[in-house]
Structure formats: structure tokens, C-alpha cells
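Here are a few short exercises, each with a worked solution. Have your viewer ready and try each one before reading on.

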Amino acid sequence: MQYANIVKRTGENRRMFKNRFVRKALVVLALAAIMVVPFASIQGQTAEIPVLILPVDNANFLPGAFFDFRVEVHTIAELPEDFAVTVNGEPAAAFFGAEAEEETFEFGGRVTRFDNSGTPAADFAIASLALQYYNTAFGVAEVTADGENLTAVVAGETVVLEATDDPLVFTAVGGAADGQAVTFGLNEDGVVTGFQVAGQDFGKMDRQPTPAASVIWRQLQAPAPGEYVVEVTAGGTTRTATWTVREPVAGTARNVILFVADGMTVGMLTAARAARGMTQGLPDNPLYIDSMPEVGIASTSSIDSLMADSANTASSLNTGHIGSVNATGSYSDNTPSSLDDPRTETLASILQRTRDYAIGVVTTADYSDATPASVWAHGRNRGDGNRAAYVVQSLESGIDVLMGGGARRLLPQSAEGSRRSDDRDMFAEFEAAGYTVVTTATELGEAMGADAMPTQLLGIFHPGDLNVWLDRNVYTENVGDFTDQPGLVDMTTAALDVLGQNPNGFYLMVEAASVDKQIHPLDQERALSDLIEFDQSIAAAAAWVAENAPDTLIVVTADHGHGYDVYGTVNLEVFNAGETDEERRVGIRVYAAAGYPDYPDADGDGQPEWADATIAFAGAVNNGPTHTENYQVSEVPRVPAVQDDAGIYIDNPDDDANGIFFAGNLGPGDSTGVHTLQDVPVYAMGPGAEAVSGHYHQRELFFVMAAALGLDPSAEDGMVLSATDLSTAGIAGTGSLVIAAFGLVAGLAIGRISRRK
Ligand SMILES: [Zn+2]
């Protein structure tokens with residue numbers, strides 16, 4: 001059935017579009033508009049065969065780090081006769097001493113969104129083009145993405161489409177099309193041209209999938225420090241990418257703790273500090289972060305977009321490679337599988353294989369979420385389709401400590417609420433592999449107090465994300481059955497106690513996930529309380545380090561930002577007495593009139609009692625859906641906007657009912673605020689901390705951590721300097737302080753070496 005014919009037929013035929021089955025298909029079309037699919041910049045290159053080189057131009061490596069190397073040649077089904085890949089002029093197979101695997105595949109009109117110099121496609125208007133197409137043909141529908149899955153409301157009916165491995169193929173769930181495959185077509189400009197349900201056309205598929213031929217080398221090791229020019233010739237096209245392998249740096253840290261507050265910005269830190277009281281311009285109770293000696297600034301953009309997500313950003317921190325939005329530990333390719341993309345090696349993996357380090361991940365999110373998973377996981381899409389796989393990868397990677405939420409990803413599909421599509425019981429598999437498994441704060445306390453402390457620990461305390469500090473401690477009716485969840489401080493110190501038993505050293509990443517997850521729905525109090533809990537976790541870790549392992553580098557940063565700031569205060573008595581927006585706004589006070597907020601901290605726990613203020617922050621996020629704002633803590637987690645019958649997000653009448661009106665400045669299908677562009681702060685203390693000073697892309701922090709550890713993946717023991725190098729250097733040193741310093745380094749290094757293996 002041709003779409004073009006359908007729309008030209010009579011009104012009776014037009015009514016076909018009103019039946020549920022067709023509506024579902026139409027929803028899919030609209031949904032496709034917002035999908036994040038790598039798109040191509042092959043416009044303007046029609047005479048040339050498109051070539052994609054992964055890792056991309058400007059990739060940086062440590063010598064000896066593992067990586068996969070893929071070259072894709074698009075629009076042809078077989079590699080051309082002149083196909084050649086060289087590295088610094090030498091055939092790549094000879095250079096690496098390994099033959100590539102050849103692979104051919106098709107991709108559904110999908111084209112890559114960036115070229116090898118990292119230049120975004122000139123026109124990335126897929127969403128608006130597809131919506132335009134949809135609206136012209138069928139009228140308006142609104143769509144949202146939940147991870148990889150897509151949800152829409154059309155004429156009041158909610159439709160869910162489950163993602164599959166192919167980003168252009170979905171499975172319809174429920175309704176007339178239940179269980180059927182829904183496939184999209186895109187043309188070479190990325191315009192949605194049609195779709196099929198169960199193989200039947202519901203649109204014109206005027207573009208066939210694009211054939212591609214590729215070669216991939218897996219598990220190569222980065223060569224010696226230097227510059228490497230990769231040159232690919234295919235069908236007369238020549239493309240190059242330059243890679244830099246950096247000189248390893250000698251450092252004296254033994255352990256690294258990376259703290260990531262998801263979405264944290266300077267604006268939020270300033271507000272959290274001010275909420276704890278200020279007198280005559282100075283804070284009554286500064287944050288622990290404020291005492292950290294070294295500060296830097298990091299940019300967060302991905303290779304395919306200005307706007308970052310947690311996957312590409314946390315992956316930059318953990319691998320030193322800047323990837324695509326949604327991708328973790330890999331460069332996004334165009335093959336059907338989102339789990340076979342060329343991998344980059346994580347800091348955790350290098351430390352495990354060269355130094356037998358213990359590795360830990362602590363988060364307040366579902367632990368398979370993008371930020372925590374970036375410590376070990378490799379995949380192109382952070383959504384549901386890959387998350388169950390990331391749980392399996394965490395077991396295979398031998399991460400020693402995993403704590404957070406996410407039971408739904410570990411339970412077999414037969415279990416209620418499971419998000420697995422197989423029968424694996426990952427709890428049982430972890431237990432069989434020797435992990436101590438705990439699911440409540442009480443069990444965690446018991447495990448830590450046992451005669452033999454665990455060496456491998458899995459703590460999963462919620463089916464999804466953990467509840468936030470404010471709900472766990474104040475609005476406890478919001479936690480439901482999960483009344484015994486540990487906080488981030490307890491999880492952090494437990495992780496340190498377990499990891500600290502490894503004599504070689506450890507790497508721990510701690511994430512405060514709900515700083516981001518609560519500022520998305522514009523909930524300043526829940527976000528700031530979790531930020532304060534994050535700060536208290538850093539203080540606890542610093543105290544642990546001072547007592548147990550002074551040779552530990554602590555780095556604190558965010559993966560990306562949010563546009564939150566405070567612009568004054570609100571006199572709540574005046575505000576709440578107002579009956580119109582204008583009357584309420586009289587309560588908003590700026591400049592000298594702002595004075596200070598009066599959030600009390602009667603119990604002295606460092607957490608303001610938000611509900612007891614009479615003068616509150618006038619705080620706002622610079623983007624959001626249409627909503628109302630009353631500047632007061634919400635007794636339930638906020639849902640600022642809800643969908644109307646046409647699927648458009650409008651103000652939620654149950655949220656901040658007495659608030660002032662804000663018109664949405666996002667798409668009508670966006671339900672919450674989104675990440676913003678601003679650079680994020682970096683704080684550090686301990687050996688190697690001074691290297692965080694300055695401005696850089698956040699991938700630099702991978703190299704900062706590696707340098708602090710003196711990490712050289714090309715050396716047998718992962719060390720930059722051998723004990724001999726160090727003692728020679730010590731003798732050559734001039735002042736006694738220098739000699740003492742080198743002596744200390746040598747002592748640590750020798751100790752480390754002799755403890756290994
Ligand atoms: Zn976010």
C-alpha cells in the first residue's frame with residue numbers, strides 16, 4: 001500500500017487513518033523525529049565515497065591502551081579494489097601486526113552526524129523535517145523518549161514503542177499492532193520518508209538501506225608516544241585522521257576516587273552553600289568542596305553535538321575519548337548491533353589488567369545508567385536495549401564493588417517489573433561469582449560488620465533509581481516499600497572499606513545521580529539536598545583517605561551542566577497571599593532588597609529544613625516546559641508538566657498550584673528541563689591534584705588521573721617508572737627535600753611492585 005495513494009483517496013479512505021492500528025504507525029513516525037540517530041554529513045560529497053574512520057581525528061591515547069579500529073566505506077557493498085589503510089605510510093595490518101576482519105552490512109538510511117574532523121553535519125533538522133511531514137499528512141501528535149523507547153499520546157491514547165538493536169526498528173507494545181515490527185525509512189538528508197508495520201508500507205520508502213563495507217581490528221594496543229596519521233583510500237577518496245599517543249607521566253598517587261555529581265554546576269554549589277546560612281556576605285557553614293585546594297573548568301560537548309548527555313561525558317572521563325551522545329566506552333558506528341561498536345579502554349580496565357587494582361562504582365541511580373556504566377560498559381545506546389547488557393558486562397568486567405539501584409535489570413524477565421528480555425538471574429550469577437549481595441541498608445551494615453569483610457560486594461537497594469535524600473529522610477511517604485535504603489555517605493565509606501583491602505590500589509567512582517534527575521523536573525530543593533549529601537560523601541571520603549590512604553587523588557566534577565541559578569529571594573508570606581501572578585511577584589526581591597534566605601538547620605545536619613523558610617531562594621532553571629513555580633519545597637517529587645489530549649506538555653495543575661506562570665521554551669513534547677552548555681567545575685585534592693588547574697575538555701581528566709597514578713599501560717606493570725629509574729632520579733636530585741620526595745616515590749613504587757602478583 002503506497003502512502004501517496006492513501007492520502008490522495010477519498011474521505012472514506014482518509015478515515016482509515018483514524019483506526020487505532022494506523023494511528024500507532026503514525027505515532028511511530030512522529031516518534032522517529034526525536035530519535036537520536038547518528039546522522040551524516042555526506043551532503044556535498046556525492047562524488048566521493050563516504051569514509052568513516054573510528055577512532056576519529058584528534059583522538060588521544062595512552063601507549064598500550066586497548067582500542068578497536070573500524071573503517072566504514074558507505075554506499076558500496078564490497079571494499080573497492082584500491083581500498084587501503086595506512087598508519088604513518090605503512091599498511092595498517094603490518095603496522096599493528098594484525099589482520100582486520102571484513103564486515104559488510106546495511107543501514108537504514110542512517111548516516112553519520114559528524115565527519116572525521118569532528119565537524120557536525122551542516123543541517124541537522126531531522127526532527128523538524130519529520131514533524132513537518134507528519135503534521136502535513138496527519139495533524140499533530142506529541143512524542144517523548146524514555147531512554148530508547150518512545151512514547152506518544154495521540155487523541156488521548158498512549159502508545160509505547162520498544163527499541164530494538166536497530167535504531168530504525170521498533171516493536172509495538174499493546175493495541176492492534178502488538179508485537180509487530182515497525183520500521184522507519186530515512187532519506188540521505190535524514191528526512192523521515194516512511195515506515196512499515198509488519199512489512200506493510202505506511203509511507204513511501206523511497207530510500208533503500210545504504211550498503212556499507214568495513215574493516216575492524218579489535219583489541220589493538222596504542223603504539224609508542226607520538227603522532228599517527230591514519231590514511232584511508234577507497235574508490236578514489238582519501239581520508240585522514242591524526243591520532244596522538246601521549247607520553248605517560250610519572251605520578252605518586254596509589255588510588256583515585258572520582259566524584260561525579262550529575263548535572264552539577266557552580267550555580268547549584270553556590271545555592272547549596274547559601275542555603276546553609278550566610279552572615280554579612282560570608283557562609284556560615286561552607287561546603288566541604290569549598291576547601292579543596294585545586295579548581296579547574298571543563299567543557300563537555302560530544303563529537304556529534306554541542307549538548308552533552310551523561311553517557312558521552314562520563315565516558316570522556318573514564319576513557320579519555322570524546323564519543324557521541326548516548327554512547328559509552330565506544331565510538332558510534334553504523335552496524336546493526338549497538339553493542340559491537342569499536343571500543344575504547346576504560347581506566348578501570350587498564351588498572352585491573354596491569355596492576356590488579358580493585359574497582360568500585362557507587363551511585364544513587366539504577367547502576368546500569370549511563371554515568372556509572374561508563375566505568376566498565378561499551379555500547380552505542382544507553383537506553384533500555386543496552387542496559388541489561390551493561391549489567392552482564394559489569395559482572396564480566398569483574399568490578400569489585402557495585403552499589404546503587406536497578407534490581408529491575410538484574411531479575412529474569414519472569415519477575416514482576418523486570419526490564420530484562422532473557423531468563424538470566426543476575427543476582428544469582430553475582431552470588432555464584434563470589435559477590436556478597438545485599439539489598440537493604442541493614443544488610444549492608446551487617447556485611448560490613450562481619451568478621452570477614454567482603455572483597456566483592458553487590459548492593460542493589462531499589463528496583464530503579466534510589467529515592468533522593470529529601471524523600472528518604474523527610475518526606476518518607478514517597479519511598480513506598482523501600483524504607484531501608486542507604487545514603488550516599490554510607491555507600492561511599494562502605495565501598496572504600498572494601499576496596500581499601502586491595503594492597504595494589506583502587507579506583508572508585510561515586511555518583512550523585514539525582515542532582516541531575518531532580519533539576520530536570522525543576523525541583524531545586526531535592527536537587528540541592530542531594531548535592532549537599534554528595535558534598536558530605538566527599539568529606540567522608542577525605543576523612544577515610546587521611547586515615548587510611550593519603551596517597552589517594554580525589555577528583556570532583558560534573559558530567560554536564562544544567563541552567564540553574566538564584567536571582568534573588570522570595571518573601572513567601574507576600575507571595576502566598578497573592579491571588580494573581582502580579583500580586584505574587586511583589587514577593588520577589590532582588591539586589592539589596594533580596595537580603596538572605598532563612599532556611600533553618602535546627603538539627604545541625606547540614607541539610608536545610610526547606611519547608612520552614614519564610615524567605616526562600618528565587619531560583620530558576622533557564623529552560624523548561626510550561627509550568628508554574630512557587631519557590632517552595634514540594635512534598636512530592638515534582639512533575640511540572642503533564643500532557644493534554646493532543647500530547648502537548650502543559651502546566652500540571654497539581655504542581656505548584658499557587659505558583660506564577662512560566663511559558664515553556666522547549667519543544668511542546670518536552671516534559672522537563674534539559675541539560676545546558678555551560679562548562680562544569682572540577683575540584684581536586686591529593687597527589688596529582690594540581691593538574692586539574694586550568695580549562696580543558698573533560699577528557700583531560702582521564703589523563704590527569706592516569707598521570708597521578710603514573711600509569712603506563714604499555715609497561716608490564718602499568719608503571720611509568722621502574723624502581724631503578726626512581727632510585728637513579730633520587731641520586732641525581734639536588735636538595736634534600738627533592739631527594740626525600742623521590743625517596744618517598746621510590747618507596748611507594750617499590751612497595752607497589754613487590755606487592756603485586
Ligand atoms: Zn540529565
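**Exercise 1.** Which residue takes a positive phi in the hairpin of β15 and β16?

*Solution.* Bear in mind that this is a predicted model. Start with the strands: β15 covers residues 226-234, and β16 covers residues 237-245. Two residues lie between the strands of this hairpin. Of the residues in the hairpin, Gly235 takes a positive phi, near 55°.

**Exercise 2.** Work out how β16 pairs with β15 and with β2.

*Solution.* Take β15 first: β15 and β16 run in the antiparallel sense, joined over nine bridges. To check the register, pick Val232, whose bridge partner in β16 is Arg239. Next, turn to β2, residues 60-61, which pairs with β16 in the parallel sense over two bridges. Here, Phe61 stands opposite Val245 of β16.

**Exercise 3.** Describe how helices α12 and α14 pack, starting from their axes.

*Solution.* Two packed helices are described by the angle and the distance between their axes.

1. Locate the helices: α12 spans residues 441-449 and α14 spans residues 488-499.
2. Take the geometry: the axes come within 11 Å and cross at roughly 25°.
3. Classify the angle: angles under 35 degrees count as roughly parallel, and α12 and α14 are therefore roughly parallel to each other.
4. Add the handedness: α12 passes α14 in a left-handed crossing.
5. List the contact: α12 contributes Ala441, Leu444 and Met448, while α14 contributes Asp490, Ala494 and Asp497.
6. Sort these residues by character: four are nonpolar, none is polar and two are charged.

Methods
Residues numbered from 1 in each chain as written. Predicted model: local features only at pLDDT ≥ 70, side-chain atom pairs only at ≥ 80, totals over all residues. Pairing = 2+ DSSP bridges. Helix = DSSP H or I, 4+ residues; strand = E, 2+ residues; numbered from the N terminus. Axes fitted to C-alpha atoms, helices over the stretch in contact; angles between N-to-C directions. Parallel < 35°, antiparallel > 145°, perpendicular 65-115°, else oblique. Left-handed = near helix turned anticlockwise from the far one by under 90°. Contact = placed C-beta atoms within 7 Å. Nonpolar A, V, L, I, M, F, W, Y, C, P; charged D, E, K, R; others polar.
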